[in-house]
Amino acid sequence: MEQVDATAHPRLYRRSGRYYHRAAVPQDIQASYPKTEETFSLRTSDYQEALRRVRKAAHEVDQRFETHRQQLVAQANPLSGLTEQQLQHLNDLFYAYLLKTDEEYRREFDWDSDADFDAAYEAFNDEVESAQAAYSTGCIAKRFHRYAKESVEAHLESPLSSESSDWDELAWRLQQTFITAAQAILARNRGEVVRTPPAQQSIQPQHVLQPYEGLGSSNLEAHQQVGQRLFRVTADSLSGRDETTPLLSDAVGEWLAEKARDWSTKTYNDHRTTLANFRTVVGDKSLAQYGKADGRHFKRVLLKLPPNWTKQKSLQGLTIDIAADKAAKLGMDTMSGKNLNKIIGYAAAFWNWASAHYDDCPANPLASLKVKLKTSAREERDPFQVSDLRAIFHAPLFTGCQSLRYWRQPGHLIPRNSGMYWAPLVSLFSGMRMGEILQLYVSDIREDQGIPFIDINGDGDDKSLKTSSSYRAIPVHPELIRLGFLSHAQEMRQKGSQRLFPDMPMGNDGYYSSVYSKRFRALLDSLKIKHSQNAFHSLRHNFEDACRDSDVSLEITNTIQGHTESGMAGRYGSGFTLQRLNEEMRKVRYRSLDLSQLTRE
């Protein structure tokens, strides 16, 4: 490793074209510090950028050295007990932490994924019950002793003597605080507003020594003993070893094995690839060793990457971190905020699972790191104009084409047994997603009390639903009945077909929508109505507008479309009866759209 000109910065070194920070540990703490020097990569080969980073790194390392000195002093002078002010302060901090963590989880939870919010809270509910059981019998659950230790280490500048009777008092109070916080969290689940207390500053312990005050030559032995204890603790934390939590790679393997039973191939691969990239960026460490800095570092890398970066010729074969640096140097356009948030959500899903499975797992390193999007979900796709809908449903595919292969050319075939014909119509009159339509089974077209309805479910190895609210029953709109939708279902049933649209193939990614979406885009292109803000999903917006125009309530519209209602209140209640949904569905009209040319012969 070659040293750069010392006039630039005495700690700046260069090796194999990359710059490093390098500093010897000060002599006064060498006996207890877990390293002989602080050397690490600055992750750049640009000289000016290295200068900027080494100054910041040097400041952080100097702070680390000073913190170590303070810890030596503190460990040699433990507190004999805690004041009432300190006990209350630690409990206030614990309460605020629990509510803040819960609030961040709700705000960062990917409501559009297949993850189940209620299932994520099952482990929490178990902890609440065990704490209540211990409290009711005057006992302290074991984990609250650990919480007490962590609270003192994190918020008091001097440690509490291991002989102090206040350890039990603090653990007892933390247990009470946990139960109180749990009641607040469960109230949030019912849609009640419970505010998170503002962050508080740490308070001073009963006595604070200046560095090495009272540690003259006569106290050298005690100083060295403290140093040895610190060495063991700090060395383990810096080396990434922790016996209470597994390595990231091992935990991810366990998580993927568990999820493989329910995920599609694409979902599995998306999450596996994301966590592999996360590990490439921040390293493979014990779960307990990860923190917010790792999440920020991963986000910084993602912010440099272009869309579909693995398919870019100039980046192929590169690891994600190297590809990000190269993309930035080449000035490549970066991926959209929506896609960046999706990737962060994949990684965050693992950490949500890990926190529920391992006691010492840290808070989610990806929490609150998604970028704020300038547009709403509605603004990302426009509804089709009435003129667009007229063009679509007057296309040869609906009025007569040569064949399913030559569906753009006028002819005499109206493919009423094809998913290409029915998918746009079903979405227009139900608000269903493309994937939900194409994966339907014949058995999903049902009837109850004389009301025909579509049962949207995940009962099938080739089915997947976007959210838990996607499970729903949608009455069949009268226009679909007039056009022969139920007759098509009956024909497929008589042929012994399992799927309602067997001509729609599944893509290599495990989704039926991946193949059909290209065909629908080709339809729009052939009609010269395709633009950046419309797609098949636009039909859902058309249905939403039609519901609004037909005086259908927002709650009914959300139920039919499978939207997650805003707020936790949307997760509770009995919902609407099929009869009520049918009454509202029959009201839906497209006032300026005439589809009489599609009448079944």
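Which residues touch the most other members of the largest nonpolar core?

**View 1. The largest nonpolar core of this predicted model, centred on two of its members.** Among the 59 residues that make up the largest nonpolar core, L425 and F485 are the ones that touch the most other members. Helix α15, which spans residues 419-428, supplies the largest share of this core, contributing 7 residues.

**View 2. The surroundings of F485.** Leaving aside residues up to four places away in sequence, F485 touches W422, V426, I445 and I454, and F485 also touches V476, L480, L500 and F501. Apart from the largest core there is a second, separate core of 36 residues, and its members include A251, F278, L315 and A347.

**View 3. An open sheet of 3 strands.** The strands follow one another in the order β5-β6-β7, and their pairing is antiparallel. At the edges lie β5 (445-448) and β7 (472-475), each of which pairs on one side only, while the twist from one strand to the next averages 40 degrees.

**View 4. The pairing of β6 with β7.** Strand β6, made of residues 451-456, pairs with β7 in the antiparallel sense over 4 bridges. Looking at a single position, the bridge partner of D455 is A473, which belongs to β7.

**View 5. Two cysteines, C139 and C361.** Is each of these cysteines buried or partly exposed? C139 counts as partly exposed because its relative accessibility is 41%, whereas C361 counts as buried because its relative accessibility is 12%, and the cut-off for buried is under 20%. A search of the whole structure finds 0 disulfides.

Definitions and conventions: Residues numbered from 1 in each chain as written. Predicted model: local features only at pLDDT ≥ 70, side-chain atom pairs only at ≥ 80, totals over all residues. Heavy atoms only, no water. Core = buried A, V, L, I, M, F, W, Y, C linked by side-chain atoms within 4.5 Å. Buried < 20%, exposed > 50% of the residue type's maximum accessible area, 1.4 Å probe, protein only. Helix = DSSP H or I, 4+ residues; strand = E, 2+ residues; numbered from the N terminus. Contact = heavy atoms within 4.5 Å. Disulfide = S-S within 2.5 Å. Pairing = 2+ DSSP bridges. Axes fitted to C-alpha atoms, helices over the stretch in contact; angles between N-to-C directions.
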